[in-house]
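Dear colleague,

I am handing over a structure that will be new to you, and it is shown just below. After it come my notes on what was found, which I hope you can read alongside the model.

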Amino acid sequence: MIEAVPDAAATSAAADVFRIALGVEYKGSRYRGFQRQRDGVPSIQLSLENALSKVAGGHPVVLSCAGRTDALVHACAQVVHFDTPVDRSMHAWVMGANMNLPGDISVTWAKQMPKSFDARFSAMARRYRYVIYNDQIRPAHLAEEVTWNHRPLDVARMREAAKVFVGTHDFSAFRARQCQAKSPIKTIHHLELLENGRLIVIDVRANAFLHHMVRNFAGVLMTIGAGERPVEWAREVLESRVRRTGGVTAHPYGLYLVQVDYPEQFQLPERYLGPHFLSGLPDVRNYTS
């Protein structure tokens with residue numbers, strides 16, 4: 001039986017500190033990732049914290065996020081939280097932040113939460129979409145929002161190969177050298193390939209992801225789709241547990257964090273499944289958990 005969550009306003013006000021969760025979307029093309037950088041280069045986190053601090057009347061804001069996306073990677077549904085003694089309406093947090101953010105970052109919603117909520121540690125699963133533009137000619141539009149692949153890709157072969165990744169496995173062969181995860185064992189709940197015109201979308205949901213894991217999936221699947229490797233190669237790479245067997249890591253431009261799942265008790269707002277130019281695609285909901 002799930003215990004009821006205490007009223008967020010009551011629990012926060014009692015301690016004179018409010019915990020606020022935000023939904024955030026951004027184009028990551030000019031950032032070195034979500035996380036604040038030591039050398040002061042632009043980051044999503046620093047931009048958000050600076051904007052929110054202005055809304056808070058100069059009080060510093062420090063964010064925690066659901067997933068620290070890498071350099072050049074985008075998000076449609078990043079979730080962050082922060083604690084503040086400043087009382088503002090949820091509308092004020094959203095609109096005030098957006099007034100002070102660059103045009104490639106937007107806050108989409110705000111909600112006051114109980115102290116038991118944590119954007120990172122309360123998350124049950126994360127979902128990404130990797131968008132491939134498959135055409136002989138490089139795209140002039142959305143060039144930093146999709147990954148261009150000039151080789152004709154056989155989506156049926158890619159779908160067949162992707163089946164081997166679903167379930168709980170040791171994904172060491174899809175893990176970047178600099179990955180800091182404690183374990184390479186993760187559970188893939190679904191990995192589907194969708195088509196929309198010349199766009200091929202790899203839609204994958206898991207309990208957690210390793211560094212570069214989705215981009216390495218994409219690299220293997222595109223190699224198979226191009227006919228450069230057999231379908232069986234996907235299993236060979238997985239079972240090798242060695243990164244160098246997996247080929248090239250795909251470009252980050254096509255990668256989007258599109259959904260973070262939390263226990264129903266937190267009742268976070270929901271928006272369409274992004275990115276916005278693919279919002280008409282059907283949702284894949286063959287979840288096992």
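**Notes on the structure**

Q267 is exposed, with a relative accessible area of 60%, and please keep in mind, here and throughout, that this is a predicted model. Q267 sits in the segment after β10, and its phi is near 50°, a positive value in a residue other than glycine. A second residue with this feature is L72, which has a positive phi of about 75° although L72 is not a glycine. L72 is found in the loop between β2 (64–65) and β3, and with a relative accessibility of 23% L72 counts as partly exposed, because the buried class ends at 20% and the exposed class begins over 50%.

The segment after β10 holds another backbone feature, since P275 lies there and is joined to G274 by a cis peptide bond, with omega at about 0°.

Turning to charged side chains, the structure holds 16 salt bridges, and a few of them are described here.

In one of them, the side chains of R19 and D83 meet with an N to O distance of 2.7 Å. R19 belongs to strand β1 (residues 18–26) and D83 to strand β3 (residues 74–84), so this pair ties together parts of the chain that are 64 residues apart in sequence. As for exposure, R19 is buried, at a relative accessible area of 11%, whereas D83 is partly exposed, at 34%.

Strand β1 also contributes E25, which pairs with R271 in a salt bridge whose closest N and O atoms are 3.5 Å apart. Because E25 lies in strand β1 and R271 in the segment after β10 (255–261), the parts tied together by this pair are 246 residues apart in sequence. Both partners are partly exposed, E25 with a relative accessible area of 25% and R271 with one of 42%.

A further salt bridge brings together the side chains of R30 and D104, at 2.7 Å from N to O. This pair links distant parts of the chain, with R30 in the loop between β1 and α2 (44–55) and D104 in the loop between α3 (90–99) and β4 (105–113), 74 residues apart. R30 is partly exposed, with a relative accessible area of 49%, while D104 is buried, with 17%. Apart from these pairs, R127, R129, D203 and D283 are joined into one network by salt bridges that share partners.

The last item is a pair of helices, and the question I would put is this: at what angle do helix α4 and helix α5 pack? Helix α4 (residues 155–162) and helix α5 (residues 213–225) pack at an angle of about 135°, and their axes are 8 Å apart. That angle makes α4 oblique to α5, and the crossing of α4 and α5 is right-handed. On the α4 side the contact is made by R157, M158, A161 and A162, and on the α5 side by L221, M222, I224 and G225. Sorted by class, the residues in the contact of α4 with α5 are six nonpolar, one polar and one charged.

With best wishes

Notes. Residues are numbered from 1 along each chain as its sequence is written. This is a predicted model: local features need pLDDT of at least 70, side-chain atom pairs count only at pLDDT 80 or more; totals for chains, interfaces and linings use all residues. Side-chain values use heavy atoms; hydrogens and water are left out. A salt bridge is a side-chain nitrogen of Lys or Arg within 4 Å of a carboxyl oxygen of Asp or Glu. Helices (H or I, at least four residues) and strands (E, at least two) are DSSP runs, numbered from the N terminus. Buried means under 20% relative accessible area, exposed over 50%, partly exposed in between (1.4 Å probe, protein chains only). Axes are lines fitted to C-alpha atoms, for helices over the stretch in contact, and angles run from 0 to 180 degrees between N-to-C directions. Angles under 35 degrees count as roughly parallel, over 145 as roughly antiparallel, 65 to 115 as roughly perpendicular and the rest as oblique. A crossing is left-handed if the near helix is turned anticlockwise from the far one by less than a right angle, and right-handed if clockwise. Contact means heavy atoms within 4.5 Å. Ala, Val, Leu, Ile, Met, Phe, Trp, Tyr, Cys and Pro count as nonpolar, Asp, Glu, Lys and Arg as charged, and the others, Gly among them, as polar.
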